[in-house]
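Here is a short tour of a protein–DNA model, written for the bench. Have the view open and follow along.

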There are 2 protein chains.
Amino acid sequence: MVKAGVAAAAAVRTTRGEATRQQLIDAAIETLKDHGYAGASARVIADRAGVNQGLIFYHFDSVTGLLLAALDSVSDMRQARYSSAVDGVDSPAELVGVASSILREDLDAGHVAVLVAMIAGAATTPGLGEEVAKRIAPWTGFARDAVAGVLADSPLGSLVPAESVGFAVVALYLGMEMLTHLDGDRAPATALFDQALQLATLLGGLGGAGGTAMPKDGERM
Amino acid sequence: MVKAGVAAAAAVRTTRGEATRQQLIDAAIETLKDHGYAGASARVIADRAGVNQGLIFYHFDSVTGLLLAALDSVSDMRQARYSSAVDGVDSPAELVGVASSILREDLDAGHVAVLVAMIAGAATTPGLGEEVAKRIAPWTGFARDAVAGVLADSPLGSLVPAESVGFAVVALYLGMEMLTHLDGDRAPATALFDQALQLATLLGGLGGAGGTAMPKDGERM
DNA sequence: GTCTATACTTGGATAGAC
DNA sequence: GTCTATCCAAGTATAGAC
């Protein structure tokens with residue numbers, strides 16, 4: 001059996017502990033999606049991961065610690081996806097198109113459900129609010145910057161501050177997840193995005209330079 | 001002590017049981033606001049109400065039953081408030097103004113926090129989703145109708161379907177509550193509403209008939 | 001360092017006292 | 001009709017085996 005670089009940088013080698021650690025994070029993510037914060041107990045998560053419940057406390061100190069690691073994982077993963085997708089976009093219509101196609105992914109895969117669950121849980125567990133807030137801030141920041149980017153050379157830029165639009169987009173995003181998840185019907189969310197795309201295209205046409213209507217998907221991740 | 005109409009219609013007389021029942025509902029609402037769904041246990045709620053824990057099961061069959069009664073209470077109360085406030089509004093700018101001033105009430109008082117907590121809880125507790133969905137539907141319906149009302153004689157009406165706008169408004173509403181609650185900062189929410197009001201006033205000015213900029217508060221409740 | 005068995009706490013629910 | 005005492009299930013956390 002070839003073992004590449006025993007004394008090399010720690011990042012590469014996968015110890016047994018690292019494997020269970022990852023299994024626990026994955027199981028925590030799935031559990032948050034399916035059962036929300038209140039349903040994400042040590043026993044349920046550990047069962048799903050197929051490991052002993054006590055390992056959560058060994059690897060993450062507490063259930064809360066594990067859930068935060070899960071939030072980190074989802075947040076990092078999705079933001080990488082978003083960054084690469086938004087890269088090269090330069091009109092409001094394109095941005096709406098890209099946001100729309102990615103949100104569809106998120107709703108289907110339940111990525112935002114993890115954020116929603118953790119924000120909800122922040123109300124319950126002392127000290128969690130601060131930690132979750134730290135991890136949500138990049139989302140509003142990212143949205144603000146993306147909006148600012150396409151608004152810079154548009155006449156809309158002077159009407160709507162990117163700060164407010166970024167906040168609104170993330171809020172809308174979270175709210176849509178809640179409503180969609182609640183009655184299992186994606187149709188209103190889809191219709192809303194179609195609507196937004198149409199409107200953005202129209203405004204882009206009226207206004208300045210930009211304006212290809214259809215988004216590029218940005219498959220790279 | 002005067003006891004009006006002992007044999008009269010049941011609605012008026014307040015039995016001891018009714019009082020406890022109401023105390024429990026009030027305590028459940030406050031507990032959902034402060035500690036979220038996961039923190040709303042029978043013992044915590046009963047302690048807050050100053051009654052024995054077992055009474056929850058006597059009066060409401062289960063904790064879930066009590067929480068749904070609490071949701072009903074908040075939902076009914078707020079919708080009465082909304083209805084009376086929107087009554088007489090006939091321009092988009094006015095509507096945004098009214099919505100803005102009431103949302104400020106809601107954020108301060110934590111009314112929407114109860115909705116958010118229950119929607120989050122719906123992911124956890126089997127069967128709860130359906131019940132919560134039933135109680136949230138009137139909100140999107142109300143928003144849709146309010147939007148449709150002011151959009152009817154506006155040129156915007158043909159651009160944006162009230163259905164989608166209503167859905168978006170409720171989603172935005174829930175998302176704003178989450179973000180605001182999370183980092184305890186009302187400023188972004190306030191700024192967003194100021195922004196929306198400004199934009200609606202502008203669009204109203206460009207477009208059709210309506211357009212007094214300032215909302216009436218609709219103090220009656 | 002990794003994992004298991006076990007201790008302890010809290011929560012939902014009910015039988016029966018008042 | 002109201003409340004208490006109590007049962008059992010589920011939760012977090014740790015002491016100690018490997």
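Which atom of DNA strand C is 3.0 Å from an N or O atom in the side chain of R43(B)? In this predicted model, the partner is a base nitrogen of DNA strand C.

Two phosphate oxygen contacts can be set beside that base contact:

| Residue | Protein atom | Atom of DNA strand C | Distance |
|---|---|---|---|
| T20(A) | side-chain N or O | phosphate oxygen | 3.2 Å |
| A42(B) | backbone N or O | phosphate oxygen | 2.8 Å |
| R43(B) | side-chain N or O | base nitrogen | 3.0 Å |

Now step back to the wider surroundings. DNA strand C is surrounded by 17 residues, and the closest are N52(A), Y58(A), A42(B), Q53(B) and F57(B). Of the strand's atoms that come within 4 Å of the protein, 51% belong to sugar and phosphate. The surface near DNA strand C has 10 polar, five nonpolar and two charged residues. At least two residues of that surface come from each of α1 (16-35) and α3 (55-60) of chain A and α2 (42-49) of chain B.

Next, a pair of helices in chain A. Helix α7 (residues 128-151) and helix α8 (residues 162-183) of chain A have axes that come within 8 Å and cross at roughly 125°. Because of that angle, α7(A) is oblique to α8(A). Their crossing is right-handed. On the α7(A) side, the contact is made by W139(A), T140(A), A143(A), R144(A), V147(A) and A148(A). From α8(A) come A162(A), E163(A), V165(A), G166(A), V170(A) and Y173(A). The residues of this contact between α7(A) and α8(A) comprise eight nonpolar, two polar and two charged.

Conventions:
Residues numbered from 1 in each chain as written. Chains lettered and ligands numbered in written order. Predicted model: local features only at pLDDT ≥ 70, side-chain atom pairs only at ≥ 80, totals over all residues. Heavy atoms only, no water. Axes fitted to C-alpha atoms, helices over the stretch in contact; angles between N-to-C directions. Helix = DSSP H or I, 4+ residues; strand = E, 2+ residues; numbered from the N terminus. Parallel < 35°, antiparallel > 145°, perpendicular 65-115°, else oblique. Left-handed = near helix turned anticlockwise from the far one by under 90°. Contact = heavy atoms within 4.5 Å. Nonpolar A, V, L, I, M, F, W, Y, C, P; charged D, E, K, R; others polar. Near = heavy atom within 4 Å. Polar contact = N/O pair within 3.5 Å; in protein donor to acceptor, adjacent residues only side chain to side chain.
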